[in-house]
Amino acid sequence: MSDGRLLLPVANPETAERLLDTAIDVARDRALEVLVVHVIEVPVQLSLAQARQSLDAEPGASVVEETVDRARAHGVEAAGRVRFGRDVATSLVNLIERDEVATALVGWRGRPRRRDVVLGSYIDAVLADADCDVLVKRIDRERGDVSSVLVPVAGGPHTELAAETAGAIARGRGATVELATVVSPDADEAAVDDARAMLTRTSPTLGAVETVTETVLRGDDVVETIVERAADHDATVLGAGGGGLFHRVLVENVPERVAREVDGAVVMVKRPESVSRALWRRLAERIR
């Protein structure tokens, strides 16, 4: 019996296959049912009822069915749906609200061309509005098998989810995990000790992982330092910026820059804003 659902939007067989491996790792680890969804956008001149009668749903239905079958073949509960809606983001957010979705996993092909969009118009909207954990996996380039995972740690509100997700992937693949944080080249021993303590606090959130290392890196440029370290790993999992990864975030946002520049699989994660605020409140109380 599942403890909730993992929403997996799919558009074509290629992207579905690249997303499914991470969906299986997370769903199995958290006892979630995978809900595979294909959304067909309906133009304004058609009613939704007319769309269901006139638009061809077969290509999307085939992708959904194939993805559900593959998930079940890996021992994961799965179900599929084809939805008609005015836009992808609204349809997905409505599904999340109605169907006990605990986690949503969406695919990202890299930096969009429009300046007013951070990751992609529908991804930005899901990140902003979804009342669940959201995982964004870059699917334009990967390294295949995952034997090592890097988790950059900065202490933000989504660090815990990043560690949980990395732990799920590591358990699913038998992979090692490296927790790493960056300090300036001239950081004194007290700053380095604080950085090590932050990594040590984060480590238990990974759960049971056979091999975990904790590394304090020195570097003038945080993004450059993380990207260089990520070259030694097959996958990188990192939390979104403190303000979230959507419309008004600058392109200089560190997680989004890392996700664009790392040469390998990348998963960015974000908790719902209400959860993030609660985490910050607890941290503030501890400091006081």
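This report describes salt bridges, a buried strand, selected loop residues and a charged surface patch in a predicted model.

**Salt bridges**

Across the whole structure, a search finds 13 salt bridges. Three of them are set out below, each with its N to O separation.

| Pair | N to O separation |
|---|---|
| Arg 18 and Glu 14 | 3.2 Å |
| Asp 21 and Arg 173 | 3.3 Å |
| Asp 133 and Arg 271 | 2.7 Å |

The salt bridge of Arg 18 with Glu 14 is set within one helix: both residues belong to H1, where they are four residues apart, or about one turn of the helix. Arg 18 has a relative accessible area of 28% and is therefore partly exposed. Glu 14 is likewise classed as partly exposed, because its relative accessibility is 41%.

Helix H1 takes part in a second contact, the salt bridge between the side chains of Asp 21 and Arg 173. Asp 21 lies in helix H1 and Arg 173 in helix H6 (residues 159–173), so this pair ties together parts that are 152 residues apart in sequence. Asp 21 is partly exposed, with a relative accessible area of 25%. For Arg 173 the relative accessible area is 28%, so this residue also counts as partly exposed.

In the third pair, the side chains of Asp 133 and Arg 271 meet with an N to O separation of 2.7 Å. This pair links distant parts of the chain, 138 residues apart: Asp 133 is in strand E5 (residues 133–138), while Arg 271 is in the loop between strand E10 (265–270) and helix H10 (273–287). Both Asp 133 and Arg 271 are buried, that is, under 20% relative accessible area. The two residues also belong to a network of salt bridges that links Arg 30, Asp 133, Glu 160, Glu 164 and Arg 271.

Strand E10 also contains Ala 265. With a relative accessible area of 8%, Ala 265 is buried. The C-alpha atoms of Ala 265 and Lys 137 are 7.5 Å apart in space, although the two residues are 128 residues apart in sequence.

**A buried strand and its partner**

Strand E6 (residues 148–152) is mostly covered, with five of its five residues buried. Ser 148, Leu 150 and Pro 152 point one way from the strand, and Val 149 and Val 151 point the other way. This arrangement can be read against a general rule: in a regular strand, side chains alternate between the two faces of the sheet. In E6, the residues pointing either way are all buried.

The partner of E6 is strand E7 (residues 176–183); the two run parallel and are joined by five bridges. Within this pairing, Ser 148 of E6 stands opposite Thr 176 in E7.

**Loop residues**

Two adjoining loop residues merit separate description. Asp 99 is found in the loop between helix H4 (88–98) and strand E4 (101–108), and Glu 100 lies in the loop between H4 and E4 as well. Asp 99 is buried, because its relative accessible area is 11%. Glu 100, by contrast, has a relative accessible area of 62% and so is exposed. The C-alpha atoms of Asp 99 and Leu 6 are separated by 9.9 Å, with their positions 93 residues apart along the chain.

Glu 100 has a positive phi of about 55°, although it is not a glycine. Ala 31 is another residue other than glycine with a positive phi, near 55°. Ala 31 is found in the loop between helix H1 (13–30) and strand E2 (33–41). Its relative accessibility is 30%, so Ala 31 counts as partly exposed.

**A negative surface patch**

Where does the structure carry a negative surface patch? The patch is formed by Asp 186, Asp 188, Glu 189, Asp 194, Asp 220, Asp 221, Glu 224, Glu 228, Asp 232 and Glu 261. Helix H7 (189–202) and helix H8 (222–230) each supply at least two residues of this patch. Asp 194 is one of the patch residues and lies in helix H7. Its relative accessibility is 55%, above the 50% cut-off, and Asp 194 therefore counts as exposed.

Methods: Residues are numbered from 1 along each chain as its sequence is written. This is a predicted model: local features need pLDDT of at least 70, side-chain atom pairs count only at pLDDT 80 or more; totals for chains, interfaces and linings use all residues. Side-chain values use heavy atoms; hydrogens and water are left out. Patches are made of residues with over 30% relative accessible area and no salt bridge: like charges are joined within 9 Å, nonpolar side chains (Val, Leu, Ile, Met, Phe, Trp, Tyr) within 5 Å. Accessible areas come from the Shrake-Rupley method with a 1.4 Å probe; for residues, only the protein chains shown count as cover. A salt bridge is a side-chain nitrogen of Lys or Arg within 4 Å of a carboxyl oxygen of Asp or Glu. Lys and Arg count as positive and Asp and Glu as negative; His and the chain ends are not counted. The place of a charge is taken as NZ of Lys, CZ of Arg, CG of Asp or CD of Glu. Buried means under 20% relative accessible area, exposed over 50%, partly exposed in between (1.4 Å probe, protein chains only). Two strands pair if DSSP finds at least two bridges between them.
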